[in-house]
Amino acid sequence: MTEAISRSKYLIKRLIFVFDPLYVSFYRIFNNYYAPIPPMENRVRVGAHYKIGGFLKSGRNCYEPIKKSIVTYQSNQINHLKILDFGAGCGRTLQFFYPDIPKIFATDVDSSAINYLSKAFPEANASCNQYDPPLKYDDNFFDTVYSVSIWTHLPVSKQKPWLNEISRILKPNGLALITVLGDFSLTIKKTKNMNLDVTPEKLEKEGILYLEYPGVNLSSEMRNKLFPGIDQSYGTTYHSEKYIREEWSDNFEVLDIQKGVIDNLQDLVILRKNGSSNLA
């Protein structure tokens with residue numbers, strides 16, 4: 001029954017997707033907007049953005065606090081930094097960095113998103129990664145790695161291995177900027193009733209809470225359509241500030257946790273890699 005419903009919803013969405021090129025054309029004409037716009041099939045995978053305006057607004061709401069934090073904690077000459085967008089999707093955040101950093105690096109498990117990025121932002125270094133580490137980059141390679149809406153979905157067992165991998169590819173004293181869902185997200189009207197089992201009190205007690213999406217148990221065909229590049233557990237993850245400060249400090253100094261600054265929903269965790277180049 002669950003699979004039949006999911007398949008029906010998928011077919012309805014496919015009909016909407018058919019008319020998306022026309023929608024994009026009208027949007028460009030009426031908004032005098034000629035920068036790249038990803039196909040709806042890619043847009044909806046980063047925040048369910050069927051509307052182009054919502055996708056662009058969300059991207060800017062992610063970009064601005066991340067850029068501000070890079071300038072504050074690292075350098076105001078961001079065009080001189082080697083930066084990776086880890087979990088870039090179809091460039092919701094990257095599109096705003098690209099004018100200043102055309103050679104920005106990007107990686108994601110979704111091959112269709114990476115194909116789009118390679119065409120829309122040809123100077124960017126975009127490539128696919130697997131759901132498990134490692135990444136293809138050398139040790140101590142990047143000045144900065146930012147990651148939007150990735151740790152909000154990883155199961156607990158994947159979180160530490162990926163933190164260790166981010167540490168590996170960062171230069172000593174490099175900056176990692178990672179978004180999470182914390183207690184702030186549970187107070188937002190649009191999300192506080194989505195997971196009734198998650199409360200600020202329960203999160204504070206447990207430290208980390210993970211709720212697996214039911215869709216990951218569908219057939220491999222349907223799962224690949226819903227969650228491309230993901231062949232294991234995937235869901236929604238919440239972190240308490242105390243948990244982050246205690247559990248993420250093996251390879252990093254936690255510089256700040258900015259509540260709700262990412263699209264008025266997610267917290268931005270600002271980490272500095274320990275100065276030693278020894279790997280975890």
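## The largest cavity

Helix α7 (residues 156-169) supplies the largest share of the lining of the largest cavity, with 3 residues. Keep in mind as you look around that this is a predicted model. The full lining consists of Lys160, Leu163, Asn164, Glu247, Trp248, Ser249, Asp250, Asn251 and Phe252. By character, these lining residues divide into 3 nonpolar, 3 polar and 3 charged.

How much space lies in the largest cavity? The volume is about 40 Å³, and the count of cavities of 30 Å³ or more comes to 1.

## Aromatic pairs

Now to the rings: the structure holds 20 aromatic pairs. One of them is stacked, joining phenylalanine 97 and tyrosine 146 at 5.1 Å centre to centre with 25 degrees between the planes. This pair links distant parts of the chain, since phenylalanine 97 belongs to helix α5 (residues 94-97) and tyrosine 146 to strand β4 (residues 142-147), 49 residues apart. Both phenylalanine 97 and tyrosine 146 are buried.

Tyrosine 116 and phenylalanine 121 offer an edge-to-face pair, with 6.4 Å centre to centre and 90 degrees between the planes. Tyrosine 116 counts as buried because its relative accessibility is 12%, and phenylalanine 121 counts as buried because its value is 4%. The cut-off behind both calls is under 20%.

## A cluster and a charge over a ring

Phe97 and Tyr146 also belong to one aromatic cluster, together with Tyr63 and Phe96.

Elsewhere on your tour, have a look at phenylalanine 141: the charged end of lysine 82 sits over its ring, 4.0 Å from the ring centre.

Note on methods. Residues are numbered from 1 along each chain as its sequence is written. This is a predicted model: local features need pLDDT of at least 70, side-chain atom pairs count only at pLDDT 80 or more; totals for chains, interfaces and linings use all residues. Side-chain values use heavy atoms; hydrogens and water are left out. On a 1 Å grid over the protein atoms alone, a cavity is a set of points where a 1.4 Å probe fits but cannot get out, and a pocket is an open set with protein on both sides within 12 Å along at least five of seven lines; lining residues have an atom within 4 Å of a point. Grid points are joined across faces, edges and corners, and a volume is the space filled by probe spheres set on the points. Helices (H or I, at least four residues) and strands (E, at least two) are DSSP runs, numbered from the N terminus. Ala, Val, Leu, Ile, Met, Phe, Trp, Tyr, Cys and Pro count as nonpolar, Asp, Glu, Lys and Arg as charged, and the others, Gly among them, as polar. Rings of Phe, Tyr and Trp (its six-membered ring) pair if their centres lie within 6.5 Å; planes under 30 degrees apart count as stacked, over 60 as edge-to-face and the rest as tilted. Buried means under 20% relative accessible area, exposed over 50%, partly exposed in between (1.4 Å probe, protein chains only). A charge sits over a ring if NZ of Lys or CZ of Arg is within 6 Å of the ring centre and within 35 degrees of the ring normal.
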